[in-house]
Amino acid sequence: MLTILALLPLVGGLVVWFLKGTMARYVGLAVALVTFVYSVVVAAVHLRGTDLSEHQVWIKAFGAYYALGLDGMGLLMVLLTTLLVPVVLLAEQRSDEEGRWGGQVWTGLVLILESLSLYVFLATDVLLFYIFFEATLIPMYFLIAGWGGPKRARAAVKFLLFSLAGGLVLLFSVIGLGISFANQGAPSYLIEDLVKLNVSPSTQMLLFLGFFVAFAVKAPMVPVHTWLPDAAEQATPATSTLLVGILDKIGTFGMIRFCIGLFPEASRLATPVVVVLALISILYGALAAIGQRNMLRLVAFTSVSHFGFMVLGVFALTTQSISGTIFYMVNHGFSTAVLFLVVGYLARRRGSVEITSLGGVFQVAPVMAGMLLLGGLASLSLPGMGSFVGEFLVLAGTWSRYPVIAAVGTLGTVLAALYILIMYQRTMTGPVTEQTREYVTSDATWRERLALAPVILALLVLGFFPKPVLDITDQTAKQSMTTLNVSDPAPTVGQGR
Amino acid sequence: MTLLEGLTPVAATGLFPLAWLMIAIPLVVAGLLLLLGRVTDGFGHYVATLAPIASFVVAVALFAGLLGRPEAQRAVTVPMYTWIKTGSWTVEANLLIDPLSIVFALLVTGVGGLIHVYSIGYMAHDPGRRRFFAYLNLFIAAMLTLVLSDNYLVLFVGWEGVGLASYLLISFWQHKPTAATAGKKAFVVNRVGDLGMTMAIFTMLAMFGSSSFEAVNAGASKMSPFWVTLLGLLLLVGACGKSAQVPLQSWLLDAMEGPTPVSALIHAATMVTAGVYLVVRSHAVYAETSVAALAVAIVGTVTLLAGAWIGTSKDDIKKVLAGSTMSQIGYMMLAAGIGPTAYAFAIFHLLTHGFFKANMFLGAGSVMHGMADDVNMRHYGGLAKSMQITYWTFLMGYLAIIGTPFFSGFYSKDSIIEAAWEKQPVLGALALIAAGVTAFYMTRLMFMTFWSRKRWQEGVHPHESPAVMWVPLVLLAIPSVIAGMVMNSWIGGWLAPAVGGEVPVGVSWLPRVSVIGLVTLAVVIAGVLVAYLVFGRTSIPESVPYTRNVFTIMGRHDLYGDTFNEVVFMRPGEALTRGIVALDDGVVDGAVQGGASLALGLGGGLRRLQNGYVRSYGLTMVIGVIVVGLALVIGRLV
């Protein structure tokens, strides 16, 4: 069932490749929707307790398996992916003229990317994970290089080099891991076997670092974040949505599943350093966002800040903060999707998303301005939006262990209000500028509204009724806490009556 | 006197399970008006006006229900659903109907309903009318969430919700850059206050594993002195932001950019008093920490002086009233900081102020309506004759705020000054002086607006506002006069069980004669007299007169609050931001790229790739994919 889920968009993507024009568009969208519906079925089956994991020998000599499985976090990442892809396909429709290749190639690449990402989230074999971790770079590279701004080729190479550098370090660790484990007996790359790994603390730390560095590049942490703003600025907003919304999540996903899951002692030891790095990311990303002049770069830097929160939540090592991080990963996917895609709508009309090139948009396109504001409010974690629950649990969990760190991190929420509201004020409010009146001649079309409606709805539903999803994130969080052999700080005063 | 312990909530029966309707009705209407769009342009504002009235009806029914219960059972928990559950923490989205929350609900929906009615007239010709009413309903829903929640985290949801509504409504006329800036400023300053709020809730969760009032009330006495003091101070920071108390006061004066009904509802009668509610609600915390309680009292006193000071030197009628609001909330904070004896006075003054200040703000709106939206009092004068209903209702508010015997403000404010005098003589004396200043600036306002000679600009023809606007004025003027008399003997005993205060004895509708009361009255009369001497006997210039009076100059500049923020926070902040951006573009990016190329040992190749050999790179990758694919297949076969 999981293999079918992962292969469905791949097959669809290859079929779309041979279609033309609008046909490719519709078939692509249909494939994405079918995948989404199918993923919901898979989720329902999984939640009813059926074990869906698959398990076959792949490379015997290495102990590598074709092994797929679902846990709480994996399930949510799968659903995030299958929901965002149709949204993106509906929001941005490429004509044949505008890119390097035809529109059908774009749709095909998006679907292939979806398939590879699903494999990343489903793989329960480290080698299999690694292969797909690297494979996602290929369609993403072409998506950035093929469509977007004038300097997109350079941005694509930059993205690729950063990712490959991280991937290379990861490869060393993966090989090291395999050898270390093989020394203990039969070789295996299955996560369930690798947790029994027993090596010296220094070896474990080295292996941990390899994984962590790769994931830190993915979940762009300062100072290895610089590829993201360039990529976001040059790529099309739909590509950026997939990049930040899904691919970057592999970073924090990997930290929870592999760094903590395989190297609990090293994770505990590394905590103080990582927590400080995360704090730097939060504040640095937010301050840099305030200073941006381009809306796409601005959104990219907000993500640097938000990923800081997520990493902080992972390494605060409490059930609440890890659960909050996973919850935040889902909602951050939605909130950045709204921001990137609305900016994309504006870019289509205006041809530029420099903040100074817009002004008073609210008066000519109130629905578009309203959607941007909603996305912004989700980004600054207003209560009522799902992202609030995530960010709050991250900080509250952190506070229960490190009050001072959490207090400094909370400053990020003030800066968030600044970067969102300053951008909104400069572009959406005030008198209508001449350029705005000339270019922004229409409000959001029904297709554009329809594309964002499910995402905005999801943010609100998760904001007011987060419990069902938190039950799922708690599974993974509790699992991590057990692996780590760490317990939550107990209430100091004790449970109130 | 009997000291009552806090109430133990009992399960909801009878009508109480319907309490959620109070929040749901305006929330649903707000959502519909925003979603359905122009379809509802024609009738949306009527539906939106009915919403708070329906909530008011529910609130009255619940109030009657509470009245009918024995005192010990006047706290009812209405379970709704589990909002958050993770690890050992559970946050229920329950409602708490108790003597404190229900008076707030009545105030919010009652005054809110009247302001909705008034807005039908005030916003009649505004193209954004539907949006305006939707935001107002959103505000009502959020404010009710704030006061009806039974725990701090859901309270915080309402707290941020009213902040959002406030942001949207201050910048409602967002085509004016000043309005857009003012809205943003209000939101950001409130976020600074929220730092305190969120950290207070973090502390509760870490200490008690819960954020419910019940858990905090029960656990506060077991906290260490350090943490309980910190908790008290963090809550105070939150209260300062929302209630525009020094040092987070600067946003309130700018908030007057919003339409006047908004100023009346949000920035006078309800939202800005949320900080007082928060402190009174957290009485168990402040009972354990005299330091934090004293800090509350000092903040209140400083603000009541600062607000009154600003009120004396403004020519914009709304800004005088805004300064006055700051000042009156300062009184409430002072009372809340004094402790159990004065909690009821804080809420008492909050209620009477809600009536008379809403009354005066709407009156100011009525004046602006007649004066072509001019807010400069130097262009008014002699309006008592041309706008008689507005004048008489405003006069009632004026008499109430300065503390004329038997008017509502008299009872509530004198109680605070007396209580302060007993517990903190210095603060009490300052509050007393400020009462004189209040009388001065309000009398000045009356002279400049209603009593002096006409200074109307060309083309302005003052006229009375339509009935849809003056009927709410009349309905608010009535409680401005009688609310003090009616509630004086009742409010203390009613609130005591909820706020852990004392049931006062020997209080009736007749004011108690005391030395401090007489002195206050004398100071008030002196304030009125000085104002008469300065503004009543000489003519008022139409332009701002030059002055060397340092106090006036400082007042005109809002005591340099903005200048302070600019120099201390904004400019260094901007420099830091610019620095980070430059650092990121220049140093970090370069260093990481350089480091990466060195580490990879690809220096040469890298440069070549960046020169555009992208195609060859793509080819390399395709080959890579094929190799990997082959590996997959072959591996499977081995």
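Me: Two strands pair if DSSP finds at least two bridges between them. With that in hand, what makes strand S3 and strand S4 of chain B a pair in this predicted model?

Reply: Strand S3 (residues 82–86) and strand S4 (residues 89–92) of chain B share 4 bridges. The bar is at least two bridges, so they count as paired. The pairing runs in the antiparallel sense, and Thr82(B) sits across from Glu92(B) in S4(B). In the hairpin of S3(B) and S4(B) there are 2 residues between the strands, and Gly87(B) has a positive phi near 55°.

Me: How do you know that S2(B) and S5(B) pair too?

Reply: Strand S2 (residues 76–78) of chain B is joined to S5(B) by 3 bridges. At least two are needed, so this pair qualifies as well. The two run antiparallel, with Val76(B) opposite Ile97(B) in S5(B).

Me: And why are S1 and S5 of chain B called edge strands?

Reply: Look at the order in the open sheet of 3 strands: S1-S2-S5 (chain B), with mixed pairing. Strand S1 (10–11) and strand S5 (95–97) of chain B each pair on one side only, and that earns them the label.

Me: Over to chain A. What makes domain 1 and domain 2 of chain A touch?

Reply: Contact here asks for C-beta atoms, placed from the backbone, within 7 Å. By that test, 35 residues of domain 1 of chain A meet 46 residues of domain 2 of chain A, so the two domains do touch. The assignment splits chain A into domain 1 (1–52 + 70–121) and domain 2 (53–69 + 123–484), and their C-alpha centres are 19 Å apart.

Me: Which elements of domain 1 of chain A give two or more residues to that side?

Reply: They are helix H1 (2–17), helix H3 (72–91) and helix H4 (103–122) of chain A. H3(A) has the largest share, 13 residues. By class, the side of domain 1 of chain A that touches domain 2 of chain A has 24 nonpolar, 5 polar and 6 charged residues.

Me: How do you know that chain A and chain B are in contact?

Reply: Same kind of test: C-beta atoms within 7 Å. It picks out 61 residues of chain A against 63 residues of chain B, so the chains are in contact. Helix H19 (residues 403–428) of chain A gives the most to chain A's side, with 9 residues.

Me: What classes of residue make up the side of chain A that touches chain B?

Reply: That side of chain A has 37 nonpolar, 18 polar and 6 charged residues.

Terms used:
Residues numbered from 1 in each chain as written. Chains lettered and ligands numbered in written order. Predicted model: local features only at pLDDT ≥ 70, side-chain atom pairs only at ≥ 80, totals over all residues. Domains from an automatic or database assignment. Nonpolar A, V, L, I, M, F, W, Y, C, P; charged D, E, K, R; others polar.
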